[in-house]
Amino acid sequence: MVRQQVTPEQHSVRLLKVGEQVRHVLSEILMRQQVHDATLSAHSVSVTEVRMTPDLRIATVYVKPLLGEDEEVVLKALRTHTAFFQREVAQRLKLKFAAKIRFLPDETFDEASRIDALLNDPRVKRDLEEN
């Protein structure tokens with residue numbers, strides 16, 4: 001049997017598509033509160049991004065609780081139910097392998113706030129002004 005050649009561009013598009021599908025499944029599970037956990041029921045959690053490894057065996061999931069409150073508590077609750085999430089994702093997407101899910105906090109909002117604060121600094125504004 002001849003194996004099809006996959007270009008790097010096609011490979012990365014597949015990773016993005018699968019990552020987005022995993023994000024949608026996890027978001028739906030959390031939105032419908034299908035996880036029986038008091039912490040997760042009490043918080044609105046956004047799944048901001050999912051990055052898949054090239055072999056599709058590990059999914060790194062970036063999450064952010066609404067307003068960033070109790071981030072560590074929410075992450076601990078998500079990590080406690082990782083097996084449930086992995087099983088649900090595998091069943092709903094019918095993937096060959098169940099991807100191992102790793103939950104990490106999404107720090108892009110914090111980084112954006114830091115950059116915004118830097119750009120609003122009077123010293124930086126002075127340097128950016130046109131003469």
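Buried means under 20% relative accessible area, exposed means over 50%, and partly exposed lies in between, with a 1.4 Å probe and protein chains only. By that scale Gln33 is partly exposed, because its relative accessible area is 45%.

This is a predicted model, in which local features need pLDDT of at least 70, side-chain atom pairs count only at pLDDT 80 or more, and totals for chains, interfaces and linings use all residues. Residues are numbered from 1 along each chain as its sequence is written, and side-chain values use heavy atoms, with hydrogens and water left out.

## Overall build

The protein has 6 helices and 3 strands. Helices (H or I, at least four residues) and strands (E, at least two) are DSSP runs, numbered from the N terminus. Read from the N terminus, the order is α-α-β-β-α-α-β-α-α. The protein has 131 residues, and 32% of them count as buried.

Contact means heavy atoms within 4.5 Å. Among contacts with a separation of 6 or more, 63% link residues 24 or more positions apart. The protein exposes about 9,600 Å², and carbon and sulfur atoms supply 53% of that area. Accessible areas come from the Shrake-Rupley method with a 1.4 Å probe; for residues, only the protein chains shown count as cover.

## Helix 1 against helix 4

Val25 lies in helix 1 (residues 8-31). Val25 counts as buried because its relative accessibility is 8%. Leaving aside residues up to four places away in sequence, Val25 touches Val89, Arg92 and Leu93. Val25 and Val89 are 64 residues apart along the chain, yet their C-alpha atoms are separated by 6.4 Å.

Charged residues come next. Side chains of opposite charge can pair when their charged atoms come close. A salt bridge is a side-chain nitrogen of Lys or Arg within 4 Å of a carboxyl oxygen of Asp or Glu. By this rule the count is 6. Three of them are listed here.

| Salt bridge | N to O distance |
|---|---|
| Arg32 and Glu28 | 3.5 Å |
| Lys64 and Glu71 | 3.0 Å |
| Arg92 and Glu88 | 3.2 Å |

Arg32 is exposed, at 53% relative accessible area. Its partner Glu28 is partly exposed, at 30%. Arg92 and Glu88 both lie in helix 4 (residues 82-93), 4 residues apart, or about one turn of the helix. Arg92 is partly exposed at 32% relative accessibility, whereas Glu88 is buried at 15%. Salt bridges that share partners join Glu28, Arg32, Glu88 and Arg92 into one network.

## A buried pair and a buried acid

Glu71 is in helix 3 (residues 71-80). Glu71 is buried because its relative accessible area is 19%. Its salt-bridge partner Lys64 is buried too. Beyond residues up to four places away in sequence, Glu71 touches Lys64, Pro65 and Pro105.

Asp106 sits in the loop between strand 3 (100-105) and helix 5. Which side chain of opposite charge is nearest to Asp106? The nearest is Lys64, 7.1 Å away, and Asp106 is buried yet has no salt bridge. Lys and Arg count as positive here and Asp and Glu as negative; His and the chain ends are not counted.

The Asp106 side chain does make a polar contact with the side chain of Thr48, at 2.5 Å. A polar contact is a pair of N or O atoms within 3.5 Å; within protein, one must be able to donate a hydrogen and the other to accept it, and residues adjacent in sequence count only if both atoms are side-chain atoms. Outside residues up to four places away in sequence, Asp106 touches Thr48, Tyr62, Val63 and Lys64.

## Loops with positive phi

Gln33 is in the loop between helix 1 and helix 2 (38-42). Gln33 is not a glycine, yet its phi is positive, about 50°. Leu56 is in the loop between strand 1 (45-52) and strand 2 (58-65). Phi of Leu56 is also positive, near 65°. Leu56 is buried, with a relative accessible area of 15%.

## A nonpolar surface patch

Ile115, Leu119 and Leu128 make a nonpolar surface patch of about 290 Å². Leu119 is in helix 5 (residues 108-119). Leu119 counts as partly exposed because its relative accessibility is 45%. Patches are made of residues with over 30% relative accessible area and no salt bridge; like charges are joined within 9 Å, and nonpolar side chains (Val, Leu, Ile, Met, Phe, Trp, Tyr) within 5 Å.
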